[in-house]
Amino acid sequence: MTATLLAVALSLVSAVAYAAAAVAQERLAAKSGGGVLRLLGTGAWWWSVGLNAAAALLHVAALKYGPLTLVQPLGALTLVAAVPLGARVAGRHVTPGEWRGTALTLVGLGALLVTASGPAPDDTLSLPEALGVAAVTAALIGALSRRGAKPGLRHATASGVASGVASALTQTVTVAVTDRTGPLLDARVIAVALLVAAFAAGGLLLSQTAYRGGLGAPLAMVTLSNPVAASIIGLALLGEHLQGGAGGLALAAAGAILATGGVVLLTHTHHAQTDQATLPEQATVADQAALAS
């Protein structure tokens, strides 16, 4: 198995684990109705944390064998996997709109994979670069999740950015530790590993906050912002590039548009399902009010 195929396989399994964790987090957020701190005392929440941890380990392994521009877009499969999982947990069937959104996302990802496929990564961020990326990311997250902001898409965007940057920093740690050209744990590796832990934990807590507004739209925003943040770092600082020149760039752009369209369609379908689910409850409340009067 080539490095690219191994990276794809690991990413697929990681996406399924992330999807299961997202569905669990959304259900917990809906049931609790409170903040993240209240969930810390529930065993189910820690199970979702365990699923996230397992998915993260698989993701780290994928980053060892594939570039960020290949591995990160595959994170969109988390949303694709979450659709049937969420439907099953909710006791309903996957709708035609959800299948169409899934198909569009998969076709778009296929185009991105053709252009992003490349050799195993061998470049890393320097310590000043890593600290600079961390500072810019922290400022952006602070602006998106500032006090008083309503839980939802802003927190989801901040979560995706945090997770994408954590992945980029993780690749630096993984390559630096396994290249065997220097000490196993030098100051740069330790510092970047601490940044990874901080951004990964922040991304998890921000996503849990975002899921208080439902699963579809926040998860879609996490799914889109994550690879954008990681790919910017990969292309700008790690020397990664798309295959095929101008033609490859056009194919990647078309794939990104299709994948985005699929994600948006999945999001709209989720909102329609949510609205339909609330209609009986609203009707019941209206009937009770009518009887009371």
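This passage walks through the helices of a predicted model and a few residues within them.

The overall make-up is simple to state. The protein has 11 helices and zero strands. Read from the N terminus on, its elements run α-α-α-α-α-α-α-α-α-α-α. There are 293 residues in the protein, and buried residues make up 46% of them.

Helix α5 is a good place to start. This helix takes in residues 77-90, which is 14 residues. How far apart should its ends be? At 1.5 Å a residue, α5 should span 20 Å, and its end C-alpha atoms do turn out to be 20 Å apart, so the expected and computed values agree. Still, α5 has a bend of about 25°, placed at V83. A proline, P84, follows within four residues of that point. Plenty of α5 is tucked away: L77, T78, L79, V80, A81, A82 and V83 are buried, and so are G86 and A87. P84, also found in helix α5, is another matter. Its relative accessibility is 38%, and because buried means under 20% and exposed means over 50%, P84 counts as partly exposed. The C-alpha atom of P84 is separated by 9.8 Å from that of A19, although the two residues are 65 apart along the chain.

The surroundings of α5 deserve a look too. Just after the helix comes G91, with a positive phi of about 75°. On the other side, the loop between α4 (68-71) and α5 holds G75. Is G75 buried, exposed or partly exposed? With 29% relative accessibility, G75 counts as partly exposed. Along the chain, G75 and L12 are 63 residues apart, yet 8.2 Å separates their C-alpha atoms.

Next comes helix α8, made of residues 153-178. At 1.5 Å a residue, its 26 residues should span 38 Å; the end C-alpha atoms are 37 Å apart, so this helix agrees with expectation. Of those 26 residues, 21 are buried, which means that α8 is largely enclosed by the rest of the structure.

One partner of α8 is helix α9, residues 187-210. In general, two packed helices are described by the angle between their axes and the distance between the axes. For α8 and α9, the axes come within 8 Å and cross at roughly 155°. Angles over 145 degrees count as roughly antiparallel, and α8 and α9 are therefore roughly antiparallel to each other. The crossing in which α8 passes α9 is left-handed. And what kinds of residues make up the contact of α8 with α9? They divide into 18 nonpolar, eight polar and one charged.

Two further residues, from other helices, round out the picture. A61 sits in helix α3, which covers residues 43-65. Because its relative accessibility is 27%, A61 counts as partly exposed. A61 and L6 have C-alpha atoms separated by 9.1 Å, while along the chain they are 55 residues apart. V264 has its place in helix α11, residues 245-292. At 34% relative accessibility, V264 counts as partly exposed. The C-alpha atoms of V264 and G101 are separated by 7.6 Å, with the two residues 163 apart along the chain.

Definitions and conventions: Residues are numbered from 1 along each chain as its sequence is written. This is a predicted model: local features need pLDDT of at least 70, side-chain atom pairs count only at pLDDT 80 or more; totals for chains, interfaces and linings use all residues. Side-chain values use heavy atoms; hydrogens and water are left out. Axes are lines fitted to C-alpha atoms, for helices over the stretch in contact, and angles run from 0 to 180 degrees between N-to-C directions. Helices (H or I, at least four residues) and strands (E, at least two) are DSSP runs, numbered from the N terminus. Angles under 35 degrees count as roughly parallel, over 145 as roughly antiparallel, 65 to 115 as roughly perpendicular and the rest as oblique. A crossing is left-handed if the near helix is turned anticlockwise from the far one by less than a right angle, and right-handed if clockwise. Ala, Val, Leu, Ile, Met, Phe, Trp, Tyr, Cys and Pro count as nonpolar, Asp, Glu, Lys and Arg as charged, and the others, Gly among them, as polar. The expected span of a helix is 1.5 Å times one less than its number of residues. The bend at a residue is the angle between axes fitted to the seven residues ending there and the seven starting there. Buried means under 20% relative accessible area, exposed over 50%, partly exposed in between (1.4 Å probe, protein chains only).
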